[in-house]
Amino acid sequence: MLKAKMDGKTVRICDVETIAHIKGKLISVSYEQRRRDGEQQSRKREIYDNGNSAVILPYDSSRKTVLLARQLRLPIFLQDGIERTVEACAGKLDGETAERRIMKEMQEELGYKVSKVQRLFELYVSPAAIMEKIVFFTCAYSPANKVSDGGGLKEEGEDIDVVETTLEEAAAMIATGEIVDAKTVVLIQYLSNRTQDATSG
């Protein structure tokens, strides 16, 4: 993937070495960069490529509710000792379109089946070291869309509690530290701003 982008106007990739490759790929990249003052510098960074992904925050406008997932995230547990964190439904694209993948993830994790989602934007959450680009979505849902209890795929190690709460309560969970996932915070704040604008407009 990097071979097609070996040279830019101010950056030249000199060497790419794979350090580890299990689920994702950890690579060591040696590169040269021409600084703004014209000086050339050589640098080396470790980059983690675990694939691109999609995330969604379903919203029921009549009840003003959203659907979230509560599950174990090992890095958060190792850092803070929190065993289950609340976040928006997300998944790796694995070669599928973002729209198709996120609708599958929503049915697997949350137990709701929808036929239409709205693409909002694409963001890098940690661009200094992680290549993952995330496509952000929202969609309309109602109790009529529920087809199962969700929970994720056991064969993939998923053990997910579905959390339905109001958008206002979800925003409060950010303030109290119950929601610490960056992509979830972005979606909640974006949707909160959009619904406020719609109300005031």
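**The largest pocket and two surface sites**

The largest pocket in this predicted model has a volume of about 1,500 Å³. Its lining is made up of 41 residues, and those that lie nearest the centre of the pocket are K23, N50, R73, K92 and E132. Sorted by character, the residues of this lining divide into 18 charged, 13 nonpolar and 10 polar.

Several elements of secondary structure contribute to the lining of the largest pocket, and at least two residues each are supplied by strand 3 (40-49), strand 7 (89-92), helix 1 (74-80), helix 2 (98-110) and helix 4 (182-200). Among the contributors, helix 2 gives the most to this lining, with four residues.

Helix 1, which supplies at least two residues of the pocket lining, also holds L78, and this leucine takes part in a further feature of the model. Together with L72, L74 and F77, L78 makes a nonpolar surface patch of about 400 Å². L78 counts as exposed because its relative accessibility is 65%, and the cut-off for that class is over 50%.

A last site to look at is in strand 1, which covers residues 11-21 and contains T18. With a relative accessibility of 42%, T18 counts as partly exposed, since that class takes in values between the limit of under 20% for buried and the limit of over 50% for exposed. Although T18 and S28 are 10 residues apart along the chain, their C-alpha atoms are separated by 6.3 Å.

Technical notes: Residues numbered from 1 in each chain as written. Predicted model: local features only at pLDDT ≥ 70, side-chain atom pairs only at ≥ 80, totals over all residues. Heavy atoms only, no water. 1 Å grid on protein atoms, 1.4 Å probe; cavity = no way out; pocket = protein on both sides within 12 Å on 5 of 7 lines; lining within 4 Å. Points joined across faces, edges and corners; volume = space filled by probe spheres on them. Nonpolar A, V, L, I, M, F, W, Y, C, P; charged D, E, K, R; others polar. Patch = residues over 30% accessible without salt bridge, like charges linked within 9 Å, V, L, I, M, F, W, Y side chains within 5 Å. Areas by Shrake-Rupley, 256 points an atom, 1.4 Å probe, with all protein chains shown as cover. Salt bridge = Lys/Arg side-chain N within 4 Å of Asp/Glu carboxyl O. Buried < 20%, exposed > 50% of the residue type's maximum accessible area, 1.4 Å probe, protein only.
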